[in-house]
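User: Please go through the terms used to describe this structure and justify each of them. I should like to see the value set against the criterion in every case.

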Amino acid sequence: MNAGMDDLYREVILDHHRHPRCREPLAAADAEAAGKNPSCGDEVTLQLAFADDRIREISVRTAGCAIATASGSILGELITGRSEESASRLAEAFRQIMHEDEGELADDLDPGDLEVLTGVRKFPVRVKCALLPW
């Protein structure tokens, strides 16, 4: 990756870290999960509210590093409005990409800013930070 792309990726991650999206707790969640990365202390709480077969609202509250916070923010933006099946496909594709040395997310999954997190693969100890919200 060239220096220009590194700068772009860094800016997108910092923007999501400084201004995380979808952080407000949901008044009525249909599903909730929490996770922690014991190696670094990152924590995440995820809440989902459904309407029909779509994710109507999401709350992703992360306490931790910029990578985990940005990943949670990107998650919130990307899966709101998706079907549960589509969100699961995107999450699984992201997990696979993060554990490979190469590869990109398929355009049909509309990965948006998620693509910038693939640069974290260069730092294997940080991959868990990126995957925690997912």
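The discussion below takes up the sheet, its hairpins and the helices in turn.

Analyst: One point comes before the rest: this is a predicted model.

User: What makes strands S1 and S2 a pair?

Analyst: Two strands pair if DSSP finds at least two bridges between them. S1 and S2 (residues 43–51) are joined in the antiparallel sense over six bridges, so the criterion is met. Among the facing residues, Gly35 stands opposite Val44 in S2, Lys36 stands opposite Glu43, and Ala31 has Leu48 as its bridge partner.

User: How do you know that S2 and S3 pair as well?

Analyst: The same cut-off of at least two bridges applies. Between S2 and S3 there are nine bridges, again in the antiparallel sense, so these strands count as paired. Leu48 stands opposite Ile58 in S3.

User: Why are S1 and S3 said to stand at the edges?

Analyst: The three strands form an open sheet in the order S1-S2-S3, with antiparallel pairing. S1 (31–36) and S3 (54–63) each have a single partner strand, so one side of each is left without a neighbour in the sheet. Neighbouring strands in this sheet are turned by 15 degrees against each other on average, direction ignored.

User: What lies between the strands of each hairpin?

Analyst: In the hairpin of S1 and S2 there are six residues between the strands, and Gly41 in the turn has a positive phi of about 95 degrees. The hairpin of S2 and S3 has two residues between its strands, and there Asp52 takes a positive phi near 60 degrees.

User: Why is S1 described as lying largely in the open?

Analyst: A residue is buried under 20% relative accessible area. Of the six residues of S1, the number that are buried is zero, so the strand lies largely in the open.

User: Is Asn37, in the loop between S1 and S2, buried or exposed, and how do you know?

Analyst: Asn37 has a relative accessibility of 4%. The limit for burial is under 20%, so Asn37 counts as buried. Not counting residues up to four places away in sequence, Asn37 touches Asp42, Lys128, Cys129 and Leu132.

User: What makes helix H2 largely enclosed?

Analyst: In H2 (residues 66–79), 12 of the 14 residues are buried, so the helix is largely enclosed by the rest of the structure. The buried residues include Ile67, Ile74, Leu75, Leu78 and Ile79. H2 lies across S2 and S3 and runs at about 170 degrees to S3. Gly81, with a positive phi near 90 degrees, follows the helix.

User: How does the span of H2 stand against the expected value?

Analyst: From its first C-alpha to its last, H2 reaches 20 Å, close to the 20 Å expected at 1.5 Å a residue.

User: Why is H3 called roughly antiparallel to H4?

Analyst: The axes of H3 (residues 84–98) and H4 (residues 124–131) come within 11 Å and cross at roughly 175 degrees. Angles over 145 degrees count as roughly antiparallel, so H3 is roughly antiparallel to H4.

User: Which residues make this contact, and of what class are they?

Analyst: H3 contributes Phe94, Arg95 and Met98, and H4 contributes Val127, Ala130 and Leu131. By class, the contact has five nonpolar residues, no polar residues and one charged residue. Arg counts as charged, so Arg95 is the charged residue here.

Definitions and conventions
Residues numbered from 1 in each chain as written. Predicted model: local features only at pLDDT ≥ 70, side-chain atom pairs only at ≥ 80, totals over all residues. Heavy atoms only, no water. Axes fitted to C-alpha atoms, helices over the stretch in contact; angles between N-to-C directions. Helix = DSSP H or I, 4+ residues; strand = E, 2+ residues; numbered from the N terminus. Parallel < 35°, antiparallel > 145°, perpendicular 65-115°, else oblique. Contact = heavy atoms within 4.5 Å. Expected span 1.5 Å × (residues − 1). Buried < 20%, exposed > 50% of the residue type's maximum accessible area, 1.4 Å probe, protein only.
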